[in-house]
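Here are two short exercises to work through with the model open. Try each one yourself before reading the solution.

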Amino acid sequence: MSNQKTELASLMTTSELRAFQRICSDSGKMLVVAMDQRNSMRAAMRNNGDQADEISNDDLGDVKCRLVEGLGNFAPALLLDPECALPKAVDTGVLSRDTALIVSLDASGYDRGDNSGLRESRVVEGVNARKVRDLGGDAGKLLVFMRPDKDDGDSFAQSLIKKTVEEFEKENVLLVVEILVYRLENETEEDYLKLKPELILNSAKLAVENGAKFLKLQYPGSGEASAKVTAAMKGVPWAVLSQGVDHEVFIEQLKAAMDNGAIGAIAGRSLWKDCVALDAEKMKADLKEKGQPRLNEILNLLG
């Protein structure tokens, strides 16, 4: 057994490890196509020429099903939301039986802390580890906003990670913890970008300290910074998210991250942001012309 497999077996329960294996490729690398976005997907659709004043959850669910069929089923795993895409994608038979499923717990937007003003993640009401299993999921995903430089050690973010990890452990369901660091209202873009690699690194450390067994992280900025993240993770695997950058940019980021310890990608908008549309035929053509080649490029990179 390789060192990585030994580390994972000691980190995860048998059920969690089996779920982790399901969402990885045969090579042990990862490509999860993220389709759990709601507001940002609506914005992409409007940018692509859809003039609908209000794109309903039902309409968005139909678009997501077409996205699953035309793109997601070609990947090892998908990340879908329980408000628009699920259970529709499963119940209609659109989601391939060979494609693993991660269920997002996240509600759109965020709250502001009463005292700190820091961002606090929202969770869709009633969506927990048991619900993830009921929806046919292999794993769940929790989004957590973090600013570790402002963390007093008893923050909302750390408490949320610890509480959710414990809940998923009781149900024996794998949890993916996604961390987003962000710019403060009184902070310049320049100052934030200088801090960003350290913020990502220290957020990852805190997540692991609070029990996280698998992380989805922003690109830390360089191969060197990615190596620091890997070294600090104590064997906990991590994948890099695309965060809406253009595909060509993301490919270079993914190469640097994987060369320095990341196991793969959880990518969304970089793959499909200019392919989603209310018009089914247009969307099908765009996914074939643009989305599928991008997906194949990442799959080839994973080996």
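**Exercise 1.** Work out how Tyr-110 is exposed and which aromatic pair Tyr-110 and Phe-145 form.

*Solution.* Start with accessibility: Tyr-110 has a relative accessible area of 29%, so call it partly exposed (buried is under 20%, exposed over 50%, partly exposed in between, with a 1.4 Å probe and protein chains only). Phe-145, at 9%, is buried.

Before going on, note that this is a predicted model, where local features need pLDDT of at least 70, side-chain atom pairs count only at pLDDT 80 or more, and totals for chains, interfaces and linings use all residues. Residues are numbered from 1 along each chain as its sequence is written, and side-chain values use heavy atoms, leaving out hydrogens and water.

Next, the rings. Phe, Tyr and Trp rings (six-membered ring for Trp) pair if their centres lie within 6.5 Å; planes under 30 degrees apart are stacked, over 60 edge-to-face, the rest tilted. That rule gives three aromatic pairs. Tyr-110 and Phe-145 sit 5.3 Å centre to centre with 65 degrees between the planes, hence edge-to-face.

Then add Tyr-182: its ring centre is 6.1 Å from that of Phe-145 and the planes are at 85 degrees, so this pair is edge-to-face too. Finally, Tyr-110, Phe-145 and Tyr-182 make up one aromatic cluster.

**Exercise 2.** Find which residues of helix 2 are buried.

*Solution.* Helices are DSSP runs (H or I, at least four residues), numbered from the N terminus. In helix 2, residues 14–22, pick out Glu-16, Leu-17, Ala-19 and Phe-20 as buried. Their arc around the axis is only 160 degrees, so they lie on the same side of helix 2 (the arc uses directions from the helix axis to the C-beta atoms). On the other side, Thr-14 and Arg-18 are exposed.

Note on methods: Helix = DSSP H or I, 4+ residues; strand = E, 2+ residues; numbered from the N terminus.
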